[in-house]
Amino acid sequence: KQIVVLFLSEAFLLSLLGTGAGLVLGEFASLLIRKAFPGLPAQAPLWAVLTAILVALLTGLLFSLLPARRAARLDPVLALSRR
């Protein structure tokens, strides 16, 4: 059970980091577009930002479940090694 929690928490933190980086890059790109074209409304609505965060986190967790289950069946030393 600890191996599954370890894998899922790592996947959650990596997904959170990737989500944050994507949001920062997206906001920076939309700022550049707004500066280059002042008449163009280039800002994502709040619902789209929240949906993107949710999808990114759920995707990271979902695709970490299979490796976490597989690692949980292994010997703990093998699960944490680079094999």
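Which residues does Ser64 touch, not counting residues up to four places away in sequence? In this predicted model, the residues that Ser64 touches, once those sequence neighbours are set aside, are Leu8 and Ala11. To see where that pairing sits, it helps to begin with the chain as a whole and then to return to the individual residues.

The chain contains three helices and zero strands, and its pattern, read along the sequence, is α-α-α. Helix H1 covers residues 2-36, and helix H2 covers residues 46-73. H1 is made of 35 residues and reaches 51 Å from its first C-alpha to its last, a span that is close to the 51 Å expected at 1.5 Å a residue.

The overall dimensions can be described in two ways. Taken along the principal axes, the C-alpha atoms of the chain fill a box of roughly 60 × 25 × 15 Å. The radius of gyration of the chain is 18 Å, whereas a compact globule of 83 residues would have one near 12 Å. Of the 83 residues, 14% count as buried, and the chain exposes about 6700 Å², of which carbon and sulfur atoms supply 73%. Among the contacts in the chain with a separation of 6 or more, 80% are accounted for by residues 24 or more positions apart.

The buried residues of H1 are Ile3, Ala11, Ser15, Thr19 and Ser30. An α-helix has 3.6 residues a turn, so residues three or four places apart point the same way. With that in mind, the reader can follow several of these buried positions and look at what each one meets.

Ala11, which lies in helix H1, has a relative accessible area of 12% and therefore counts as buried, the cut-off being under 20%. Leaving aside neighbours within four places in sequence, Ala11 is in contact with Gly60 and Ser64. The C-alpha atoms of Ala11 and Leu61 are 5.9 Å apart in space, although the two residues are 50 residues apart in sequence.

The partners of Ala11 can also be viewed from their own side. Ser64 has its place in helix H2 and, at 8% relative accessibility, counts as buried. Gly60 is likewise placed in helix H2, and with a relative accessible area of 18% Gly60 is buried because the cut-off is under 20%. Outside its neighbours within four places in sequence, Gly60 is in contact with Ala11 and Ser15, and Ser15 is itself one of the buried residues of H1. Contact with these two residues does not place every part of H1 beside Gly60: the C-alpha atoms of Gly60 and Ala21, which are 39 residues apart along the chain, are separated by 14 Å.

Further along H1 comes Thr19, another residue of that helix, which is buried with a relative accessible area of 9%. When neighbours within four places in sequence are left aside, Thr19 is in contact with Ile53, Ala56 and Leu57. Those three residue numbers fall within the range of helix H2, residues 46-73.

In the other direction, toward the start of H1, the reader may turn to Ala72, which lies in helix H2. Ala72 is partly exposed, with a relative accessible area of 35%, yet Ala72 touches Ile3 and Val4, not counting residues up to four places away in sequence. Ala72 and Val4 are 68 residues apart in sequence and 5.9 Å apart in space, C-alpha to C-alpha. Ile3, the other residue touched by Ala72, is listed among the buried residues of H1.

Other residues of H1 are not buried. Leu6, found in helix H1, is partly exposed, with a relative accessible area of 41%. The C-alpha atoms of Leu6 and Leu80, residues that are 74 residues apart along the chain, are separated by 9.9 Å. Leu16, whose place is also in helix H1, counts as partly exposed at 42% relative accessibility. Together with Phe12 and Leu13, Leu16 forms a nonpolar patch on the surface, and the accessible area of these residues together is about 280 Å².

Thus the opening question leads back to H1 and H2: Ser64 of helix H2 touches Ala11, a residue of helix H1.

Terms used:
Residues are numbered from 1 along each chain as its sequence is written. This is a predicted model: local features need pLDDT of at least 70, side-chain atom pairs count only at pLDDT 80 or more; totals for chains, interfaces and linings use all residues. Side-chain values use heavy atoms; hydrogens and water are left out. Patches are made of residues with over 30% relative accessible area and no salt bridge: like charges are joined within 9 Å, nonpolar side chains (Val, Leu, Ile, Met, Phe, Trp, Tyr) within 5 Å. Accessible areas come from the Shrake-Rupley method with a 1.4 Å probe; for residues, only the protein chains shown count as cover. A salt bridge is a side-chain nitrogen of Lys or Arg within 4 Å of a carboxyl oxygen of Asp or Glu. Helices (H or I, at least four residues) and strands (E, at least two) are DSSP runs, numbered from the N terminus. Buried means under 20% relative accessible area, exposed over 50%, partly exposed in between (1.4 Å probe, protein chains only). The expected span of a helix is 1.5 Å times one less than its number of residues. Contact means heavy atoms within 4.5 Å. The radius of gyration is taken over C-alpha atoms; the globule rule is 2.2 Å times the number of residues to the power 0.38.
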